[in-house]
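Let's walk through this model together, one region at a time. Keep the structure open beside the text and follow along.

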Amino acid sequence: MSPSWSPDGKTLAYVSFQNGQAEIYLMNIYTGTREKVTSYPRHNGAPKFSPDGKQLALVLSKTGSLQVYTLDLASRKLTQITSGRSNNTEPFWHPNGESLIFTSDRGGKPQIYQVNLSDRATTRLTWQGSQNLGGQITPDGRFLVMVNRSNSGFNLAKQDLETGSVQVLTKTL
């Protein structure tokens, strides 16, 4: 589950339960060679390649709660990006590669946050709707697309990252 393509289209990162627990693998789709990159107790999930293909953002529960990490693919160095008691999941790279967005329940209900990777400064991006999750930044870096929950239910929405205005794109029946 959770497949993610490398920018060059040669490698697929994904989660497998073949050994009875979640583990993250990399597979060269042309040669079929596979490599297990994480196999920590409990949760190993949500792998996403960085725009330059040199890192993988992922979610681990090494400390008890779900936290976002980056894995340098050359050195295999693992760096914890988020911390605390809240669950932080669903990382997605900003197209410039300098920050990640992620879903966190640190405010009580799931909302989307952005963390600058150089100084770890974290800001909340979403404020409209009771929940916002599963965020992705458009390739031009202008919009955040997400699942938004409001009185009308769960819908896809688009938020302008400059103005903060939110447009609901679907209608729940």
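A good place to begin is a hairpin, where strand β13 (residues 131-137) runs antiparallel to strand β14 (residues 143-150), with five bridges between them. Strands here are DSSP runs of E with at least two residues, and helices are runs of H or I with at least four, numbered from the N terminus; two strands pair if DSSP finds at least two bridges between them. Across this hairpin, Ile137 faces Leu144 of β14. Five residues lie between the two strands, and one of them, Gly141, has a positive phi near 75°.

Before going further, a word on what you are looking at: this is a predicted model, in which local features need pLDDT of at least 70 and side-chain atom pairs count only at pLDDT 80 or more, while totals for chains, interfaces and linings use all residues. Residues are numbered from 1 along each chain as its sequence is written, and side-chain values use heavy atoms, with hydrogens and water left out.

Now turn to the sheets. Strands of a sheet pair through backbone hydrogen bonds, either parallel or antiparallel. One open sheet here has four strands in the order β1-β2-β3-β4, paired antiparallel. Its edges are β1 (4-5) and β4 (34-38), each of which pairs on one side only. Within this sheet, β3 (residues 23-28) and β4 are joined in the antiparallel sense by four bridges, and Ile24 has Thr38 of β4 as its bridge partner.

Another open sheet of four antiparallel strands follows the order β5-β6-β7-β8. At its edges stand β5 (44-49) and β8 (78-80), each with a single partner strand, so one side of each has no neighbour in the sheet. On average, neighbouring strands of this sheet are turned by 25° against each other, direction ignored; the axes are lines fitted to C-alpha atoms (for helices, over the stretch in contact), and angles between N-to-C directions run from 0 to 180 degrees. Here β7 (residues 67-72) and β8 pair antiparallel over three bridges, with Thr70 matched to Thr79 in β8.

What about the inside? In soluble globular proteins, nonpolar side chains tend to be buried together. The largest nonpolar core in this model has 13 residues, and Leu26, Leu56 and Leu58 have the most contacts inside it. A nonpolar core is a set of buried Ala, Val, Leu, Ile, Met, Phe, Trp, Tyr and Cys residues joined through side-chain atoms within 4.5 Å. Buried means under 20% relative accessible area, exposed means over 50%, and partly exposed is in between (1.4 Å probe, protein chains only). The elements giving two or more residues to this core are β2 (11-16), β3, β6 (55-60) and β7, and β6 gives the most, with three residues. Apart from this core lies another, of 11 residues, including Ala46, Ala57, Phe102 and Tyr113.

To see the surroundings of one core residue, click on Leu26: among the residues it touches are Leu12, Val37, Phe49, Leu56 and Leu73, not counting residues up to four places away in sequence. Contact here means heavy atoms within 4.5 Å.

Next, which rings pair up? The whole structure holds two aromatic pairs. Tyr14 and Tyr25 are stacked, at 5.8 Å centre to centre with 15° between the planes. Rings of Phe, Tyr and Trp (its six-membered ring) pair if their centres lie within 6.5 Å; planes under 30 degrees apart count as stacked, over 60 as edge-to-face and the rest as tilted. Tyr14 sits in strand β2 and Tyr25 in strand β3, 11 residues apart, and both tyrosines are buried.

The other pair, Phe102 and Tyr113, is stacked too, at 5.9 Å centre to centre and 20° between the planes. Phe102 belongs to strand β10 (residues 99-104) and Tyr113 to strand β11, so this pair ties together parts 11 residues apart in sequence. Phe102 counts as buried at 1% relative accessibility, and Tyr113 does so at 7%.

Charges join these rings as well. The charged end of Arg34 sits over the ring of Tyr25, 4.5 Å from its centre, and Arg106 lies over the face of Tyr113, at 4.9 Å from the ring centre. A charge sits over a ring if NZ of Lys or CZ of Arg is within 6 Å of the ring centre and within 35 degrees of the ring normal.
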